[in-house]
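Open the model in a viewer and keep a selection prompt at hand. The stops below go from a helix to a strand pair, then to the cores and the cysteines.

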Amino acid sequence: MNPIVKVDRRDFLKVTGAATTGLILGLSLPQKLRAAAEEAASFQPNVWINITPADKVKIWVAKSEMGQGCRTGLPMIVAEELEADWKTIEVVPAVLDPKYGNQGTGGSRSVRSGFKPLREAGATARAMLVAAAAEKWGVYPESCSARDGSVVHKPTGRKLRYGALAVLAGKQALPRQVTLKDPKDFRIIGTRVARTDVPDKTDGKAEFGIDVRVPGMLYGSIAKCPVFGGKAASFDAAKTKAMPGVKGVYQVPSGVAVVADSYWQALQGRNALNITWDEGPNAQVSSEGMRRQFAELAQQPGIVALNNGDAAQALASAAKKVEAVYEVPFLAHACMEPMNCTADVRADGAEIWSPTQAPSWVQEYAAKATGLPASKVKVNITLLGSGFGRRAMPDFSHDAVDVSQAAGAPVKVIWTREDDIHHDFYRPLSYHRLSGGLDASGNPVAWTHRVVAPSISAYNFGPLKDGKDESLAEGTAVAYAIPNLHVDYHVAENIVPVGWWRSVYNTQTAYANECFMDELAAAAGRDPYEFRLKLLQNAPAHKAVLELVAEKAGWGKPLAQGRTRGIAVHDSFGSTVAEVAEVSVESGAVKVHRVVCAVACGIAINPDSIEAQVQGAIALGLGAALKGEITVENGRVQQENFNDYQVLTADEMPEVEVYIVPSREAPGGIGEPGTPPIAPAVCNAIFAATRQPVRRLPIRLSA
């Protein structure tokens, strides 16, 4: 059934972010003026769709592209309802502009938040093009239809391209309502459309933040105090200022900056600085000390996040009780492209080129730091050489603004890999204490989960209201049919910068939940898959992915000698994912051979992109499970670079199969949900091999 969408002009303009109109359908101007109009639009875009008389269809994308494919997926949604000819589409990345609404990119929200308004934008444009054709032919609009960038008059077969209708379409009244296509009629959505950003990335034309070049640009490198919260007490820059290429040394909020003609010169000048650091009150903090504090805190009841039934009473009367503690470490994001940003701060305005997930925060800081009105701060959003949540924090852009302002010139500030490892916003360290009760038949009757972790919100945005942060319990509400559930949490004190690492707290709670579920299954003497399936009969998405992944993985069938399987299922960001890992363990070394994944993510906009995202999510999560750990000693991070903060290498990547549950429902998120299940799936495979549960990450097995 085709949904009818009433289009109120005010609401339409609001959801499409257009200040003057939801779309520009071309301008009847001489070539020069037309070109000038197009150029002006590219500089000040205020629409999602632009169709010119030359039959050029532009679609603006106002989300940051960090490899998740939004520059393909979002235009596909518009083009589907527009009935555009995909071959004629030009994707235009938008600069920061309030016309587009919230341009922050994260939480796997780009497609799921844009699905409905972008469909309406495309459908409205289609309706106006059809109306224009009907007027031109003197026929009823109902006798016309749109397809592949043309409007066709069905009784006569007459056809006009969109470009030929652009001028007249622009004069049509905004329709009061539009009809969205029935998903069964989708011809672009659901197909494997090639990524629009890949060709330029392949031949080197793509511009990431680190590729930006600005006339007169200098380079900056900043020495930062290695201790969290420390600052420069004094410094001697005499030697640095005498070095070739060095243009200046400046104390900025994050440290001491050296500006030079080249990045190498700036870095060498920085290394020559003689700085005395005031390490502040955090110089004795360690991650091991924090772990001990978390363990003590976990002995006490916390803030209740979920309470169904009477878990305490059910545990007390259970035939069998299982208890376990799981711990996860701090993790760095370790984006492949180092943190960088270019800024040109002038008296009359500022322009910034940043690989950021949060352009409005970049602008906000720049306006505050410079005293300029926000309207005078232009933020260009470049491609991101991976994000994983790291580039939602704008500190690296702040550096560029501060240094450019101090130097009085455009400056590109580049962090070293060591800077990045030492000054990240880390996934929080956390401690999970779980208890479960089984009845005499081995059925779970009680489940409790206590979380102790720092609050990302408290660290970045200040004191919590009533000391509560429900996000710490993110992912703890298991879908299993257990009659008595209780979840509580403690917000731990913390001085280590923490932020959103891909899937955020879900990577921690899924690990604890799903490993504990295997321990319960073992205590009940049940197969882990069958044990889960019985408890998920009333959770359709979980049941669907679990059955699909078990079938595709050959659960229960013989494996190659030395291999075992582990299974895990978790929902996050509107999607549910189950994974089966095939693992072997030899002399304490873990090798993951194969991962099979089933995804329930609503309608698949671009299956190829979904597969790529899940593969990447598994690679990141697997690297973290096997290797990832940031430790803090004396208030500073102990790891330095990829030599001691290792990521998964190409030769360690297992075979990955991804299967998508068919659906016509609205899309869920896909950038993050593939990460949480991989650690427990691997740990459960190890548990199956060794009968020793893995209760602390990264995985460390004795030989």
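Which residues of α5 are buried? In this predicted model, select helix α5, residues 162-169. The buried ones are Tyr162, Gly163, Leu165, Ala166, Leu168 and Ala169. That is six of the eight residues in α5, so the helix is mostly covered.

Keep those residues selected and add their surroundings. The buried residues of α5 pack against two helices and several strands: α3 (70-82) and α4 (110-137), together with β3 (49-51), β6 (144-147), β7 (150-153) and β8 (158-161).

**Strand β21 and its partners**

Next, select residues 430-438, which make up strand β21. Eight of its nine residues are buried, so the rest of the structure largely encloses β21. Add strand β16, residues 320-328: β16 pairs with β21 in the antiparallel sense over nine bridges. To find the register, look for Glu323, which stands opposite Ser435 in β21.

Now add strand β22, residues 444-454, which pairs with β21 over eight bridges, also in the antiparallel sense. Here Gly436 stands opposite Trp447 in β22. Five residues separate β21 and β22, and the two strands form a hairpin. In the turn, select Gly442 and check its backbone: phi is positive, about 85°.

**The nonpolar cores**

Stay on Trp447, because this residue leads to the next stop: with Val682 and Ile699, Trp447 is among the residues with the most contacts inside the largest nonpolar core. That core has 70 residues. Helix α15, residues 506-524, gives the most to this core, with eight residues.

Center on Val682 and show its neighbors. Leaving out residues up to four places away in sequence, Val682 touches Ala581, Val583, Val590, Val592, Leu622 and Ile699. Another core lies apart from this one; it has 45 residues, including Leu82, Leu129, Ala133 and Val193. In soluble globular proteins, nonpolar side chains tend to be buried together.

**The cysteines**

Finally, select the cysteine sulfur atoms. How many disulfides are there? The count is zero, with a disulfide taken as two cysteine sulfurs within 2.5 Å. Two cases show why. For Cys515, the closest cysteine sulfur is that of Cys683, at 4.5 Å, which is too far for a bond. For Cys70, the closest is in Cys335, at 15 Å, again too far. Both residues are buried: Cys515 has a relative accessible area of 4%, and Cys70 has a relative accessibility of 3%.

Methods:
Residues numbered from 1 in each chain as written. Predicted model: local features only at pLDDT ≥ 70, side-chain atom pairs only at ≥ 80, totals over all residues. Heavy atoms only, no water. Buried < 20%, exposed > 50% of the residue type's maximum accessible area, 1.4 Å probe, protein only. Helix = DSSP H or I, 4+ residues; strand = E, 2+ residues; numbered from the N terminus. Contact = heavy atoms within 4.5 Å. Core = buried A, V, L, I, M, F, W, Y, C linked by side-chain atoms within 4.5 Å. Pairing = 2+ DSSP bridges.
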